[in-house]
Amino acid sequence: MLLTRRPTGLADRLDALQEVLKLSRERLDPVVVADAEQIAAKAGERLRFGEAHTVVALAGATGSGKSSLFNMLVGEPLSTVGMRRPTTDVAHAAVWGSQDATSLLDWLEVPRRHLLGAEPEPELDGLVLLDLPDVDSVQQSNRLEAERLVERVDLLVWVLDPQKYADAALHERYLLPLAAHSDIMLIVLNQVDRLSPEARTGCLDDLTALLKSEGLAAAPVLPASARTGDGIPSLRAVLARNVAAKQAAVRRLAADVSALAERLDDACVGTTNQAVTAADRTSLTGALSAAAGVDVVSEAVAGAYRLRARRATGWPVTAWTSRLRLDPARRLRLRDEPSELVRTSLPGPSALQRAHVDNALRRVSDHAASGLPQPWPQAIRRAATSSQNRMPDLLDQAVAGTDLGLGRRPHWWRAAGTMQWLLLGAAAAGLIWLGMLFLVAWLQLPAPPLPRWGRLPVPTLLLVLGLVLGFVLAQICGLFARTGAARRARQARRGLESRISQLADEVVLEPVERELSARLEFCAAVARMRG
Ligand SMILES: Nc1nc2c(ncn2[C@@H]2O[C@H](COP(=O)(O)OP(=O)(O)OP(=O)(O)O)[C@@H](O)[C@H]2O)c(=O)[nH]1
Ligand SMILES: [Mg+2]
């Protein structure tokens with residue numbers, strides 16, 4: 001029954017609404033967001049005026065007798081009751097009691113006010129009764145004024161008459177959408193003096209059944225007559241109970257929040273365990289790695305290693321040619337010291353690689369959004385693709401910022417290089433020595449003593465061993481260099497892939513996961529809005 005149950009935790013429900021609002025902006029339909037903002041703002045404003053007053057509106061179609069009932073309740077012909085339809089075009093307020101309702105009426109924007117004082121009806125102290133223009137008016141301004149106040153008041157008294165009580169326009173446009181507000185609604189079937197007792201019962205039964213079918217069973221139906229005064233004491237008693245309870249404002253706002261939660265709940269149907277799968281993560285990282293040119297880069301790392309090893313450890317007799325060749329890492333402007341601030345000269349992703357990235361992004365968002373209602377699929381897709389245009393730059397930065405190991409020179413290069421020069425030096429010494437011997441022999445001078453090692457002359461040994469060992473050392477170093485290059489390439493690939501998977505997390509997967517958790521938070525907050 002009207003206003004006997006206390007809605008609990010309106011403050012918590014309004015907090016939940018604020019949270020929903022935060023999560024809704026940029027995600028939900030702007031119309032719904034605007035409605036939610038309006039309800040939140042209205043709640044804040046209405047609660048600021050406190051619960052001392054209960055604002056009740058007499059609403060309904062033209063000629064139903066709103067102004068007549070208003071006058072009846074006030075006890076004076078304050079509002080014009082006329083033959084001309086519609087009669088009332090601006091809302092009119094009557095205030096019972098001594099408490100100042102000026103600011104509340106200013107907020108309601110009702111300038112026509114009548115103050116009745118506390119006497120002679122103390123039980124209605126705090127009642128602010130509004131006579132509204134007709135909600136179904138041919139005058140648009142009347143309709144807007146009535147609708148504006150229907151949105152703001154604490155308690156709605158719908159005044160129907162025997163001719164138009166089932167009027168489809170009124171029911172579809174106002175009563176049906178207010179089903180969640182039946183707790184703060186009262187239906188008065190006015191002008192019952194015009195009905196025979198049987199017709200009156202039939203009419204009331206019919207109206208009650210109609211309201212029930214519209215989900216408004218909780219709204220009490222009172223028969224009344226503004227002409228004979230029939231039913232007015234009951235109406236006055238219901239109003240007095242509500243005024244005394246001082247709960248109508250809170251209940252109205254609670255009903256607004258509930259109705260809004262009902263609308264928002266559309267976004268919360270469906271399964272709740274969506275996540276980015278490991279397979280999607282792997283395929284995205286794979287597509288991004290390919291687009292970043294990981295193959296080309298690791299190939300260049302291996303090539304640079306081999307070339308640099310040859311320059312450092314190769315047989316000096318032939319290794320000088322390696323200095324003429326361009327370093328593959330330098331050619332791609334891959335720095336020894338990684339820095340995200342410089343660009344490489346990698347060619348950028350091909351059309352095919354871009355298409356693979358697009359597919360991987362679509363797979364991630366499709367899986368994450370599967371089974372979810374709008375706006376989540378759209379929000380998730382937007383999150384997944386938010387960095388799509390910047391992706392080539394981001395990938396290049398990732399490559400430039402990865403330590404590819406190009407700055408590291410293995411110790412054995414230096415040792416082998418030194419050894420190569422020593423061997424070359426020995427060969428050169430042997431050669432010069434032999435040359436001197438040849439000159440001495442040619443000049444027919446006595447041969448100097450020739451040291452031997454076993455049966456072999458030392459200079460010959462120096463020349464031959466210097467050359468042969470240098471050559472052999474170069475071959476061994478070449479073998480090591482090939483293994484080293486393959487290892488470096490693998491390390492570079494691992495480094496790049498982990499950097500790129502980090503990038504995928506940052507710019508794709510985390511934004512998608514943020515949307516999924518936003519959805520969970522949103523739905524939890526919507527549930528809390530219901531109280
Ligand atoms: N018989 C009878 N006539 C009524 C009753 N209530 C109102 N009327 C008449 O119905 C007509 C319209 O009444 P109003 O009070 O002006 O109706 P309203 O709902 O304020 O109409 P608008 O201001 O145009 O929206 C008037 O002629 C009233 O005398 C009633 O209970 N019984
Ligand atoms: Mg009127």
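## A guided tour from strand β6 outward

Begin by selecting strand β6, residues 185–189: 5 of its 5 residues are buried, so the strand is largely enclosed by the rest of the structure. The model is a predicted one. Colour the two faces of β6 separately. M185, I187 and L189 lie on one side and L186 and V188 on the other, and both sides are covered, every one of these residues being buried.

**The partners of β6**

Next, add strand β5, residues 155–160. β5 runs parallel to β6, and 5 bridges join the two. To see the register of this pairing, display V159, which stands opposite V188 of β6. Then follow the chain from β5 to β6: the path leads through helix α6, residues 168–175, and the resulting β-α-β crossover is right-handed.

Now select strand β7, residues 221–223. This strand is also joined to β6 in the parallel sense, over 3 bridges. Here the residue to display is L189, which stands opposite P223 in β7. Include helix α7, residues 197–213, in the selection; together with β6 and β7, this helix makes a right-handed β-α-β unit.

**Helix α3**

Which elements do the buried residues of α3 pack against? Select residues 66–74 to find out. Of the 9 residues of this helix, 8 are buried, so α3 is largely enclosed by the rest of the structure. The buried positions are K66, S67, S68, L69, F70, N71, M72 and L73. They pack against the strands β1 (54–60), β2 (92–96), β4 (127–131), β5 and β6, and against helix α8 (232–245). Before leaving the helix, inspect G75 just after its end, where phi is positive, at about 90 degrees.

**Ligand 1**

Display ligand 1 and the residues around it. The shell holds 23 residues, of which G65, S67, S68, P86 and T88 come nearest. S67 and S68 have been met already, among the buried residues of α3. Coloured by class, the shell around the ligand shows 5 nonpolar, 12 polar and 6 charged residues.

**The domains**

Zoom out and colour by domain. Domain 1 takes in 7–51 and 247–268, domain 2 spans 52–246, and domain 3 takes in 278–420 and 485–529. Between the C-alpha centres of domain 1 and domain 2 the distance is 25 Å. Their contact involves 14 residues of domain 1 and 16 residues of domain 2. On the domain 1 side, select α2 (30–48) and α9, each of which supplies at least two of the residues that touch domain 2. Helix α9 gives the most to this side, with 8 residues. By class, the domain 1 side has 5 nonpolar, 3 polar and 6 charged residues.

**V276**

The last stop is V276, in the loop between α9 (248–264) and α10 (278–292). Is this residue buried or exposed? V276 counts as buried, because 22 C-beta neighbours lie inside 10 Å and the threshold for a buried residue is 20 or more. Leaving aside residues up to four places away in sequence, V276 touches R281, V364, A368, L509, V512 and E513. Finally, select R519, which is 243 residues from V276 along the chain; the C-alpha atoms of the two are separated by 14 Å.

How values were computed: Residues are numbered from 1 along each chain as its sequence is written. Chains are lettered from A and ligands numbered from 1 in the order in which they are written. This is a predicted model: local features need pLDDT of at least 70, side-chain atom pairs count only at pLDDT 80 or more; totals for chains, interfaces and linings use all residues. A residue is near a molecule or strand if its C-beta atom, placed from the backbone, lies within 6 Å of it. Ala, Val, Leu, Ile, Met, Phe, Trp, Tyr, Cys and Pro count as nonpolar, Asp, Glu, Lys and Arg as charged, and the others, Gly among them, as polar. Helices (H or I, at least four residues) and strands (E, at least two) are DSSP runs, numbered from the N terminus. A residue is buried if 20 or more other C-beta atoms lie within 10 Å of its own, exposed if 12 or fewer, and partly exposed in between; C-beta atoms are placed from the backbone. Two residues are in contact if their C-beta atoms, placed from the backbone, lie within 7 Å. Domain bounds come from an automatic or database domain assignment. Two strands pair if DSSP finds at least two bridges between them. A crossover is right-handed if, with the strands pointing away from the viewer, the path from the first strand over the helix to the second runs clockwise.
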